[in-house]
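Student: Hi, could we go through this structure together? I'd like to start with how far to trust it.

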Amino acid sequence: MYTWIQAVHEGEATRAAGLIALYLRKKIYAETKYKYGLENNDTFKKINDIILNAAKEIKTELDELLTEALRTNAVNYGSEYYLLVQKAISNIMDCGMIHVAIPETLIKLLESCWIESKPEIEWDAHPRLETDFGLKTYYGYEYRPASALQTPVYKVLIVKPQLGMKFVLNLLNCSSEHYQNSSLKAECKEIELIFSEEEKVKQICSERLWQMHRNSDSNPDVLECVLMALEKWLLEVAKRFPEKLVNKFCLFLLKNSNNVAITATVLSVVEAYPEKLFGISCILIRTKEICYYDTCRGAAEIRAGLMSGFLPRDKVFEEERVTSNNFEFRKITFEQVIMDYQIKRGDLSREEFERRISTLYSIIDQVTEDIENWEPIYQYAYYQMDLRRYTINQEQEPVEKNGRKYLELKPQMPEKLTELRENEKKEREAFYQHQHTELYVWSYARYQKRTETYRSYTKYEEKPETAYTEMREIWEEKNDAEGAVDLSTAIYTCAVLLRDFKEKLSEKAVADCGEMVQEVVTQWLQSDSDYLLSSAIEAVLPEIVRWVSCEDLSADWENPLYWVIGILLEHRGETFSSCIANILWKQDQHAALKVLYTYVHLFPIYRKKYWQYGKTGRLKRFLDENKDLIEQDFKEEISDITKINIDVLDFDSLLSFHELLNKDDEKIFSFIVNIGKKIWGRIFDKDDESDKRLTGKQAYVRWLADYALCLSPDKQKKLLQCMMPCVSMEDTFAYWIWEMVACEVERTRYAAFWNIWNLLQPDIFRKCDKVKELEKSGDVLHFKERKAFDQLIKNYLLTSGIWPKGLTSWDSLKHENADFYRRAAVRIGYHPIVLDAIAYILNSIGKDTFSREGVEWLSIIIKNNPHLKKADLPVHTRYFIEEYMSELVKREKVTLRREEHRRKQVLVVLDFLVERGSEVGFGLREDVV
């Protein structure tokens with residue numbers, strides 16, 4: 001059903017599949033004891049896919065179901081319809097056909113899931129942006145990276161334009177009102193769009209709102225995605241349809257919007273198709289602030305899409321944004337559009353061209369009657385765009401080109417604006433407070449090691465002192481209104497200068513960078529007001545750790561060792577833990593042990609008194625009150641890790657403690673194993689409700705997976721010997737297997753990976769034998785146990801969901817590993833999941849490597865296990881076998897007639913397909929026979 005429904009969205013068979021899926025969904029949900037397990041149930045996920053893709057044929061039934069879900073509020077996390085609703089409001093690839101079948105109900109779902117109907121109680125002193133915009137926070141990361149394709153809004157706009165536009169307006173209007181009354185209200189101004197003397201609309205305005213559709217400022221992801229979808233759709237309408245229609249849509253949006261986020265999106269379309277939207281331009285030019293904000297947008301274009309996704313599934317969204325960001329009109333501003341109206345006639349008749357110019361000048365004259373009273377930032381654009389104000393620049397000689405002489409023109413403007421005109425690019429950027437945009441992009445790209453981005457900024461790459469000088473300017477202006485953003489730029493610049501250019505900088509520059517880091521870190525630790533800098537602070541954490549030494553054991557704010565303890569207690573994250581484990585441990589193990597000893601001693605005390613200090617200055621008060629104790633800990637001689645009393649840590653803290661240990665130091669192997677004996681039994685036991693609350697469990701399993709790949713072969717063997725008696729091979733063990741694959745993908749350790757894989761094989765095979773004996777005795781695994789077992793085998797056979805679509809090889813899966821799958825086929829081929837996994841491998845990462853060997857493995861499984869002909873196979877098994885066999889028969893059709901043994905192997909597999917009702921198998925068998 002799943003395969004069918006992906007391709008066919010209409011017809012009686014599709015309706016039947018949809019109704020069956022509705023029935024199965026209800027039945028599975030009712031019979032599942034632990035509902036949370038459905039979130040990772042592949043069958044349940046596919047049923048939801050079938051329902052949504054069959055939506056056109058079951059729209060009455062689906063509409064009733066979702067309407068009831070809305071009425072009973074059964075759409076939020078943990079409720080019966082959450083997973084179905086989550087998929088329905090997800091990206092355009094996953095949302096099925098619901099936008100065509102029941103768009104009105106889809107809009108109600110979006111409103112219910114995105115808009116917060118009642119204020120949330122914020123326990124965090126620094127609420128997320130979603131709260132400031134009146135949105136629900138738990139969908140905050142579902143639409144990242146931002147893209148026009150991340151929500152179903154783009155599809156709704158295509159099939160129901162009026163409905164889609166009304167929804168976008170309602171969402172942005174509601175969010176903007178919340179924003180205007182939020183903790184960010186100081187950013188907001190008010191502008192007025194003038195359609196006529198009688199018709200005017202006031203709009204909430206800020207740079208944040210104006211740049212929302214471009215992802216060049218901090219905004220809720222869902223709002224960025226919705227505006228991107230609106231822009232994409234409007235651009236397509238402007239390209240394909242008569243100008244009357246796109247003008248009608250744009251006018252409707254402008255008249256009904258209370259915010260400039262919509263206006264900026266409309267202006268984007270104007271800049272792409274100015275010849276079609278002259279009427280809209282004439283409306284927008286009446287508002288003097290628009291040119292200024294759009295110029296700011298143009299300067300910030302370089303930031304658009306800087307934060308990209310990291311997962312293979314993000315690729316389609318990144319490609320959509322790259323395409324969008326590369327449109328030529330992105331380089332154009334509204335001011336340039338108005339200039340072009342006066343210069344470029346295009347396909348217009350002379351009379352129409354002159355009529356347009358006359359209309360334009362009439363509006364400009366009307367708007368600029370009191371231009372002398374405007375702020376200079378608004379005056380400049382109107383002097384610059386009006387060709388009537390231009391005269392010949394007498395200071396420049398005529399330029400000869402293609403046999404013609406050209407005279408340079410310059411606008412006549414008041415003396416106070418002349419300097420701005422003489423050095424337009426530099427002065428303008430400074431004037432609009434975007435002079436540090438290039439430095440930000442360079443420093444951030446350098447920090448992220450994105451070579452293709454940072455190497456184009458040659459003025460910083462070749463002369464890092466230039467970056468230092470500009471950073472000093474930022475530092476001196478740090479108390480300005482935009483200080484938070486500028487300071488982040490300064491911190492990133494400090495980080496890359498100290499990391500990558502220390503030898504090229506003067507001693508003074510290096511010392512200045514160090515002083516800046518010290519000041520900002522101590523301010524960050526002592527204050528509650530600089531939380532916005534947290535992401536930038538991460539950039540200098542490695543440098544802070546490098547400054548730690550045992551020479552200074554004082555407990556004061558001048559000592560980096562003191563900062564490190566503060567960061568561990570309050571702001572510890574994956575990045576900082578990695579700095580302790582991978583930088584400090586290698587640089588000075590003695591200092592690292594002091595840090596761990598002090599942290600373990602203080603952490604339980606700090607957590608016990610955590611709420612006694614209140615929210616303000618909590619960490620500073622604790623550190624200042626305990627200076628004597630901290631200094632005493634610093635002076636304690638810790639020569640061996642076993643002197644650290646880990647018994648004082650609670651179970652969750654003990655798990656996260658491992659992230660501070662260096663994985664390459666084999667001297668601490670016994671220490672880790674001894675701790676492991678205390679925790680493995682609980683970590684790898686059958687999952688229970690109490691373990692669901694362990695926040696450090698997944699991180700520890702991930703750490704242990706990577707650690708296992710860092711060990712020598714004999715240490716790997718000893719680790720498993722100590723670990724396996726404590727292990728119940730359930731969900732968490734399967735997850736550990738998956739994490740080892742993920743770690744190998746991230747950092748190749750081929751020999752270590754396959755050594756531990758071979759060491760695990762006897763235990764995996766024994767588990768399979770036990771399940772086989774259980775089933776042969778007439779017993780069956782319960783649903784949750786079956787799911788855990790299947791996941792274990794899939795992960796061990798490398799068919800976990802980590803591989804992007806279309807990947808046909810993997811560096812760590814070589815031809816010499818073929819025997820791994822042959823042994824699996826012989827020893828554990830009894831289980832349907834093994835057939836499914838091997839068939840999948842032959843269509844994915846093993847396709848190029850095992851194109852010939854695969855048919856032997858499949859034939860072994862089928863010949864040795866005749867029960868599989870009637871067994872319930874995983875959904876895609878037959879499809880994977882058909883795909884593999886189709887290519888093999890096509891490739892070897894001639895040679896199969898000569899190689900009898902191989903021909904028999906092929907026929908075993910094809911006979912199996914035919915008995916399973918495969919038309920593809922039948923056709924292939926006829927070809928072979």
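Tutor: Let us begin with a term: pLDDT is the predictor's confidence in each residue, from 0 to 100. This is a predicted model, and pLDDT stays under 50 over residues 481-485, for which the model has 5 contacts beyond four places in sequence.

Student: Where else does pLDDT stay under 50, with 11 contacts beyond four places in sequence?

Tutor: That is the stretch of residues 307-312, where the model has 11 such contacts and pLDDT again stays under 50. For the protein chain, the average pLDDT is 88, and 92% of the residues score at least 70.

Student: OK, helices now. At what angle do α7 and α10 cross?

Tutor: Helix α7, residues 103-114, and helix α10, residues 161-180, cross at roughly 10°, and their axes come within 11 Å. Angles under 35 degrees count as roughly parallel, and α7 and α10 are therefore described as roughly parallel to each other.

Student: Which residues meet there?

Tutor: From α7, Pro103, Glu104, Ile107, Leu110, Glu111 and Trp114 meet Leu163, Phe167, Asn170 and Leu171 of α10. Sorted by type, the residues of this contact between α7 and α10 comprise 7 nonpolar, 1 polar and 2 charged.

Student: New topic: where is Asn325 found, and is it buried or exposed?

Tutor: Asn325 belongs to helix α17, which covers residues 315-325. With a relative accessible area of 21%, Asn325 is partly exposed, because buried means under 20%.

Student: And how many Å separate the C-alpha atoms of Asn325 and Ile194?

Tutor: Those C-alpha atoms are separated by 30 Å, while Asn325 and Ile194 lie 131 residues apart along the chain.

How values were computed:
Residues numbered from 1 in each chain as written. Predicted model: local features only at pLDDT ≥ 70, side-chain atom pairs only at ≥ 80, totals over all residues. Heavy atoms only, no water. Axes fitted to C-alpha atoms, helices over the stretch in contact; angles between N-to-C directions. Helix = DSSP H or I, 4+ residues; strand = E, 2+ residues; numbered from the N terminus. Parallel < 35°, antiparallel > 145°, perpendicular 65-115°, else oblique. Contact = heavy atoms within 4.5 Å. Nonpolar A, V, L, I, M, F, W, Y, C, P; charged D, E, K, R; others polar. Buried < 20%, exposed > 50% of the residue type's maximum accessible area, 1.4 Å probe, protein only.
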